[in-house]
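Trainee: Could you take me through the aromatic pairs here, one part at a time? I would like a close look at how the rings sit and how open they are to the outside.

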Amino acid sequence: MNKIMQENIEDLCKPALWRAVVAEFFGTLFLVLFGCGAIDNNGINNSIVQIALAFGLIYGSMVWCFNHVSGGHFNPAVSVAAVVCRRASVVRGLLYIIAQLVGGIAGAGILRGLSADASYTVGVTAVRGTLTEAQGFGVELLISFVLVFVVLASTDDKRCDLSGSAPLTIGLAIVAGTLFAYNYTMASMNPARTFGPALVQNNWANHWVYWVGPIIGGLVAALVYEYVFAAGASFSRTRKFVLKHRKPADKPKKQKNTDELNSSKAGLIEVPTTDNEGDAVLEMEKIEEEKKDEEPATAESEVKAE
């Protein structure tokens with residue numbers, strides 16, 4: 001615990017951290033501005049393909065621009081996964097999420113100012129059609145799982161088989177998620193992308209779906225990738241993680257008989273170490289009988305010797 005606290009304090013004192021926070025702010029701002037702008041598009045409804053490409057390409061572009069500065073998260077679900085995988089400190093993850101939320105608000109605010117009609121939605125997400133909130137949660141969890149899994153796999157430093165473009169791969173994952181889920185939940189995959197437009201438009205319908213779904217999906221993706229599919233993953237590492245977080249079973253304390261303790265200290269008999277108390281008694285009786293059988297044999301040998 002002290003080591004983790006020390007790491008967080010040291011990270012907080014680094015000037016590079018604050019530059020990274022600013023990068024997360026601008027990256028999320030442009031993500032919301034360009035992506036959500038493609039939804040309303042000045043009153044002209046775009047196709048799902050256009051919306052998916054807008055979100056995927058702007059996300060990939062921002063990752064390309066800021067990856068060397070902050071890692072290119074622009075998404076609280078990705079930041080939480082990075083903290084779980086220990087790719088980012090807790091304090092860095094929290095500051096990233098704050099910057100992402102503020103960036104989402106700024107992007108939605110600029111989009112609102114550029115819109116010709118105040119009735120435009122500015123990209124507010126909503127569970128569509130007859131879909132229930134629980135079903136919407138499931139959709140967001142799955143597409144967020146895929147996105148975070150792709151982000152972790154594409155930025156794994158221990159992999160030596162990566163020869164393509166990580167930003168392009170991440171952008172394509174967003175395109176795929178949007179093409180699949182837009183008619184279900186508008187394919188947020190990102191609480192900051194949902195929070196900004198919701199605040200600007202004061203529309204909080206189904207809002208919890210777009211927080212809980214992506215965060216849980218990102219957490220599951222982080223654990224599965226880090227302990228099962230990562231380049232450095234192994235069975236022993238996974239077992240160590242499970243044992244570390246498993247609650248130890250309380251074993252009842254057994255009180256030993258005073259005579260047995262004294263005898264064991266004197267080296268006369270060996271105290272049995274069985275878990276069953278009845279078995280322990282039987283073992284003691286067996287030892288005593290063996291000692292009695294040995295005594296006559298010893299007496300006879302002494303007589304013969306005389």
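Mentor: Start with a cut-off: a residue is buried under 20% relative accessible area, exposed over 50%, and partly exposed in between. This is a predicted model. Phe30 has 31% relative accessibility, so Phe30 counts as partly exposed. Phe34 is partly exposed too, with a relative accessible area of 48%.

Now the rings. The structure holds eleven aromatic pairs. One of them joins Phe30 and Phe34. Their centres are 6.3 Å apart, with 65° between the planes. That makes the pair edge-to-face. Both residues belong to helix H2 (residues 15-40). They are four residues apart there, so about one helical turn separates them.

Turn next to Phe149 and Tyr225. This aromatic pair is also edge-to-face. The distance is 5.3 Å centre to centre, and the angle between the planes is 90°. Here the pair links distant parts of the chain. Phe149 lies in helix H6, Tyr225 in helix H9 (residues 209-229). The two are 76 residues apart.

Check the accessibility of each partner. Phe149 comes to 21%, so Phe149 counts as partly exposed. Tyr225 has a relative accessible area of 2%, so Tyr225 is buried.

The pair is also part of a cluster. Ring pairs link Phe149 and Tyr225 with Phe145 and Phe229.

Methods. Residues are numbered from 1 along each chain as its sequence is written. This is a predicted model: local features need pLDDT of at least 70, side-chain atom pairs count only at pLDDT 80 or more; totals for chains, interfaces and linings use all residues. Side-chain values use heavy atoms; hydrogens and water are left out. Rings of Phe, Tyr and Trp (its six-membered ring) pair if their centres lie within 6.5 Å; planes under 30 degrees apart count as stacked, over 60 as edge-to-face and the rest as tilted. Buried means under 20% relative accessible area, exposed over 50%, partly exposed in between (1.4 Å probe, protein chains only).
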